[in-house]
Structure formats: C-alpha cells, structure tokens
Amino acid sequence: MSNQKKLLIFLGGTILTIVTLFVLVQIAGVGYFQNISILAGITLIATLGVAILTGYTGLFTIGHAGFMAMGGYLAAILVKEYHVPFILALMGGGIFAGFTSFIIGYPAFRSRLRGDYFAIATLGFAEAIRLLLNNVRAIGPIKLGGSFGYMDIPSLNVLCWEWLGSDGWNGVIVVLLFAVGTLVMTHMFVKSQYGKNCIAVCQDEVAAQMMGVDLMRTKMLALFISAFFAGVAGALMAFYYGYLTPGFFMITRSSDLLAGVVFGGMQSLIGPTITSIVLVAVPEVLRGINEYRLIAYGLFFVIVMIFRPQGLLGYVEMNFDFVRQLWRREPAKATGK
Amino acid sequence: MDLFIQQLINGVSIGAIYSLLAVGYALVYSVYNFTNWAFDGFMAFGAFMGFTAIASMSMPFWAAATVSMILTIVLSVGVEKLAYQPLRVRKAPRLFMMISAMGVNLAIVNTINKLYTGTLRRFPIPDSWTQTITIGQASIGQMDIVAAIIAFILLAILWIFLYKTKWGLGVRASSIDILTSSLMGINNNAVAFIIFATTGVLSSVAGVFFGIKYAVYPLMGGPVTIKAMIASIVGGLGSLPAAVVGSMILGVLETMVSGYISSSYRDLFAFAFLIVILLFFPNGLMGKETGEKL
Amino acid sequence: MGIQEPTTNKILELRNLTIDFGGVRAVNDLSLSIAPGEFIGLIGPNGAGKTTVFNLITNAYQATSGDILFEGKSVRGVTPDKICRMGISRTFQNIRLFPHMTVYENVELGLHAQPHYSLFESFVRLPRASRAEREARQKAHELLEMVNLEQHANAVAGSLPYGLQRRLEIARAVAADPKILLLDEPAAGMNEDECNDLVRLIRQIHESKKFTIIMIEHHMAVVMDLCKDHRIYVLTLGSLLTYGGPAEIQSNPQVIKAYLGEKKDGRNKRVS
C-alpha cells in the first residue's frame, strides 16, 4: 500500500472517529459518553496487557480478572485507608498484581509440558482470588466486606486534579492519558529486543532457546507486564465505580479481555485496541443484545479460529514510518521492523 | 475417628467423580495435546438434560440418565467435528485450539444460562435415595456411595476397553503419536469419535451426580472441572492412571480440609495444592518429561 | 589442528559421553577433542546418533553419564540458552525458523543472545537503546548480504523455498556470534549446484569468521571438500567407529561396511 494511501486512510479514519464521537455525544448525552470513554480506557489498558502475554508470547490466559482484582483492591485500600496519593496507589496496585503473577508463573513455566499448565493455573488463580475475596470480611481494621463489597472508595472525580476539567471530565482525561500511555509503552516493548524475544518464544520456543533466549525470563517478564497493566486497570475501575465487589472479577471479565485479543488479532496492538473499544461501546449502545454477548463471543472464538485466526489486524503493527517518509519525500521502502 | 471415616469416604466419593472428569480431560489431552475447556459445558449440559427429562417430561431416573448420556455424546462429538477437527487437520497451534475450546464452552454455558436462568435447582430424585447410612457417629450419604461405585465401574470399563480391545489399542497408539498411527491404518475419525463420545459419557455422569449432590445451575461445571484439571496435572498430565490418582488425592485432601479446617476455603485449597505440587514435582507426581524431537 | 586430536588448547571435549532413552543407548561412551578453528565432520549412517550428539552438546538432552567440556569447563547442567550465550550455536536437521517472522527478523533474533540494553531503557527509548538497535540492524543486513538473502529481507520466512530457508538458518546461527557453530545436515535435499554454492558459503564463513565448525552431513562430496586438512569422525549405532582425515576415512573398509552393510551373495550368504 502506498504511503499516500496510508496517510489518507489514517486521516480519514481519524476524522470519521471524531465525527462519530461528536454525534454520539449529541444523541446520548455527555455523561453517557464519559462513562463509555472511561470504561473503554480501562478495558483497553488491561487488554493491551493480555495482548502482550497471549498475542505476542502465545500464552493463553483466562485469569487476568484476578490481577485486576489484586490491583484494584490494593489501590483502593491504599487511598481510602492510608491516604496514599492517587498515582502512587495506581502504580502500587499494578506492581502488587505483577508480583502476584510470580506465584503462578514460576511453577507453571518450569515444567517441560508447555502451555496448558499455565492456562489452567490462570483459571485456578482467578477463581481462588475471587473466592478469597468473597470470604474475607476484614483484614484487621480494614473492612473488605467479603461478597458485599468494599465500599466508599474515593471517586475519580475527587482524586484527579480539578484543573483538568469539571463535571467529571478530569476523570475521563486521566483515564485516557493512562490508556494512551499504556499504548505507547506496550508499543515500545514489542519493538524492543525483549518484545522480539516474546515473539520468538511464541513461534518456536525450542529454536528460541537454542538461539540464546532465556525462556523462563521472557515468559515471566511478559506475564509481569500483563499483570501490571491489569492491576492498574483494576485500580482505575475501583476509583471509577467507587466500590469493589468480587463479582466484578468473574471469568466473564477475563473472557472479555481475551476476546479483545482474539478478535483484534495476534501479534498486534492496533487490532486489540480497536476491538476492545468497539466491544465496550457496542453493548452499551445496544443494551438489548447484552444477554447474548457471551454466547456470541463463544461462537465467534470458534469461527475466528477456523476462518481467520489472525483476527482483525493480526501481525499488523502500528507504524508511522509512512508519515516520516512522506515528510522527507523518501520512496516507500519496506523497512525491517 | 468416625468423623475421619466419614470425611474419608466422602473424599473418596468426590474423588471418584473428579476422576471421571479428569480422565476425560487427560484422554483428550494425551491424544490431541490441548485442553478441552468445553467439558465444563458438557457437564452442565448433561446435568440439565437429565433434569429436564425428569422434571419436564417425567421420565424415570435411569431413562433420564441414559437420555442425558446420549445427548451429551451427540454434543461432544458434534463439537469435535465442528470446532476442533477443522483446526486439527491443518495442524493449528495448540493456542488456537484452546481458544476454540474456550469459545465452545462460553457458548454452551451461556446458552444454558439464557434458556434456564441461573437459579439453583434441585435434581429431582426420590427422597428415599437421599437417605444416609450411619456407622457409629459417621453418616454417609447413600448417593455418595452409589456415585463412587458407578464411577469406578465406568473407569473399569474404560480401562478394559483401552487395554483389552483392539479399538482401545488404536486409541492408545494415537495418544503416543497420532500421525504414525494413522499411517499404520488406524482410522483417525473413529478415534476422535471414540474419545469424544467417552468424554460425553463421563461428563454427563459427573454432571448428573454433581447435580444430585449439590445443585443444578449453568455455572456448575466451572469449579469442578478446574479441580479435575488440577488433579490431572498433579498426577501427571497426559496419563490416565495419574489422573485417577491425582483426583483421589485431591478429593480426599480437600474433604479433610473442609471438614477439619473450614469449608469456605475448600476450593482455594485445590489451587494452593496445584502450586505446591508443581513447585516440587514440575511434571506432576507420576509425570514423565516428553521432549520434542529436535 | 589437522588429523591428530589436540592434546592441549581444546575448545570442545567430550569425555565418555553416554545417553540412554529408556532401553535404547543412543550415544555410547563417546570421546573426542577439538581445537579452536577446526572444521570437523561428523558422519555415519542414519540413526547413528549424530544429531543426538549435537543435542547433548547444546544440552537439549541431558547426558546419562560422561562430560562435556567447553573451553576446559564442564557445561553439563547449563541451560541451552546459556550455552548459546557462552558461544555454541546451531542449525537444525528439520529447519526451525520462526515461520511468521521476516527473513530479516529471523537473523536479527540471532543477535539477541546478549542483551544490549535494559528493560527500562526499552520503554523510554534512551539514546543507548536506539543506537544498539541501529547497530543490530546493520549487522543483520551484513549477514543477509553474506548469505545472499538481502533481497528477500522482508519476505516471510515460512514462504521461502527450501534452499533459501537453509541459508537463512545458517545466517541466524552465525548472527549469534558463536565460538563453535554446529551445522546439522546443511546440504540435505540439495542438488549438485546448490551443494557447490553451499560449500562456497560455508568455507567463506569459516575463513572470515575463523570459528570452529562441526558439521553433520550425508553428502560425502561436501564433507570431503570442507574437511580437507581436518578430521572427520564416524559414528555408528551411537559409538565412535574411527576418525581421521578425508582420504583415510574414504578408504577405510570398516567405514564402507558401516554405510553399505556387508556384501552378500545371491543366496544371502555372507561373502568374505
């Protein structure tokens, strides 16, 4: 595809998106639009994490809701009980979730039989966390509430700097900033040496090891990063809703994240980005079909795997080289990524 | 002491049910090398079919159980043909097969949820069956014993089939190397049929028994199948005897934890058990390392 | 260097190396020594255990007994990726490229054995990371030129014809900057012209990079040509049959028997 064409598509797509957003806000109202934006941002952050683990490293996970729970509860506790600054609490939640990932990563990656130990362990982990949270009413003086939920968490609007906007816009802007930041960071990661090691592990683990890639380290790194982002997303969720219950973190949540990657495409960031935003927006807009959403996901998992396993934009990488080349009037040469 | 015996027998009964699922899981894994997440849905499907047969169509229990078994076989084999075989023949990576399996599971479980709603239902059996037998201070449910016996009979039948018949030999050969065995004249489609029909039978029996013991609801498969998979891993993934051993150990230990420590943490125990075992036995208790030919 | 095994300055030494797979002894009591810079041939009939020896050296398999010494130090328990980083790199009998990566990316991965920059730097793109990436890119392109694959740099590796895939695998193995390069049947499936090109390429690599090369091969012409002035080891049924220079090996009756079997007359009785 020529560079001019790419530029046209990019500009056209951006204009179309802006127009659509404008129309939506007019029809549905500002508050509704804010809600969708925040939810889409949160889902995007967690989905990008899963994209790194499943899309790039090939490790199936159905348990990232567990990491979201870890990050969410910890960040909420830090802010509500200990008045830790908002950003620090978010990072703390992410790092805490990241470290918990070692519990399943280390035993599961050690064994020679690859793939399935880890997948089952993610499922077991997420369910175990949910059960734990359901049963623990309090830790010392902190009333976690068990299945009734952890209440009265300070809200996004209160925590984010008011100069960013009023009427809830400050929250939207902060979440969007985090989402964009996550996109940039994951993009840097997959273009780096570490990201390429992940891809090699995904495509031929044995050959990768023979070429000097440390399998354990690469997988643990991908897992940590994905858990970190899930934790941050969970934390943002806590502050957005103002409360947390274990019911937020059921298998359906993990399935949603996986769907973003499966439909969006393996080894791609742009695919899952678009898909996860669409998957958040559409059920909100078409409330009626929500009941059938999971059935549809299930059927489409099978259909996509059989007919188009690369998903929407698999193996396509976001690449603004075409802009640089047009600017400098270079001929479109295929660059080694 | 009586409490101990009660827990022990309970544990054996639960372990027997886990074995059914764990063996079904291990069978598919050993031949096709992927995790059939859908057997969660198969189990719920079996339970609901049995339930519907009795509650809505007033069938007697054994007829309902048979109907459930047949329908689950149809479902299982159908899933294999539609969702797994197309991927298998083009040698799709196992990640793709797992995603397809997860998709099947989501579709089945959520369809059941939509049709029946999530309310817990009691599996309709005659009241006389729920009696307990008392030995000293221990009381043991009649159904638990029946469940364990039937589970062991099924496993014995499966064992005889696999080790004493020609078809079974074909299945075992396929579990070692499916390509070579097909070159040796073993019909791959027949093997697939047998394996998934077996999964259907085992899942529906487990579903009915769990429905009787606890309740019938769309998500009933989840916690149980996770534990069956954990049991299979703990024993040593890919080996059928190991799946049974792992299941019995898990069933007994878990019931002990529930009885002596706390019942709410019973399900958590399974996960912790998995992690601890994997730390010390990376290939399971009885597992063997299999390497790839380089 | 040459027809005699080195007594000092061994870059690789195998001592009584044995591996059993269940009841089968795939490699039996194998001992050999190699000096730096040598070009060693490893031949023998199918099933002799040659690839197994490579797998043992790279620790893909764990030996049952015996030892492997790389530059004088035992490497028996070391993980395969660490062995690659220490300096032993290989190609595979059944090509193992990264099928969905481009030709360029496959070679670039070989360069990754040593981390060039830290994880933090990769997120923040400090100058050191960018420079390292640029250097890697340049080296990768040089390697592609060396094996004549530069024009295919952006082709998907899995779509290349067989002969080019073999060359790519060699380039990737060389990218790891090894001290010992293990080539597993690089000429498999090639016709005479392709073999000649391959011989030229491998000789060029050996002469310019000057590392040690051990090569498993069935094409006798290729082996005899490349191993001139060096040694060839002959393996049968897991044991070392003999070793020597190309001329000796070619005329050794035991070697001929191992490959062709014993001569039998029309009634299937042995002819002495």
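In this predicted model, contacts in chain A between residues at least 6 apart in sequence are mostly of the long-range kind: 75% of them join residues at least 24 apart. The chain is built from 14 helices and just two strands. Its radius of gyration comes out at 20 Å, close to the 20 Å that the globule rule gives for 337 residues, so chain A is as compact as a globular protein of that length. Along the principal axes, the C-alpha atoms of chain A fill a box of roughly 65 × 55 × 40 Å. As for burial, 51% of the 337 residues of chain A count as buried.

Chain A also meets chain C. Here 25 residues of chain A are in contact with 29 residues of chain C. On the chain C side, helix 2, helix 3 (103-110) and helix 4 (119-124) each put in at least two residues. That side of chain C is a mix, with 13 nonpolar, eight polar and eight charged residues.

Chain C itself is split by the domain assignment into domain 1 (1-87 + 178-272) and domain 2 (100-164). The C-alpha centres of these two domains of chain C sit 30 Å apart. Where they touch, domain 1 of chain C offers six residues and domain 2 of chain C offers five. On the domain 1 side, the elements giving two or more residues are helix 2 (80-86) and helix 7 (192-209) of chain C. The residues on that side of domain 1 of chain C break down into three nonpolar, one polar and two charged. Helix 2 of chain C thus turns up in both settings: it supplies residues to the side that touches chain A and to the side of domain 1 that touches domain 2.

Methods
Residues are numbered from 1 along each chain as its sequence is written. Chains are lettered from A and ligands numbered from 1 in the order in which they are written. This is a predicted model: local features need pLDDT of at least 70, side-chain atom pairs count only at pLDDT 80 or more; totals for chains, interfaces and linings use all residues. Domain bounds come from an automatic or database domain assignment. Two residues are in contact if their C-beta atoms, placed from the backbone, lie within 7 Å. Helices (H or I, at least four residues) and strands (E, at least two) are DSSP runs, numbered from the N terminus. Ala, Val, Leu, Ile, Met, Phe, Trp, Tyr, Cys and Pro count as nonpolar, Asp, Glu, Lys and Arg as charged, and the others, Gly among them, as polar. The radius of gyration is taken over C-alpha atoms; the globule rule is 2.2 Å times the number of residues to the power 0.38. A residue is buried if 20 or more other C-beta atoms lie within 10 Å of its own, exposed if 12 or fewer, and partly exposed in between; C-beta atoms are placed from the backbone.
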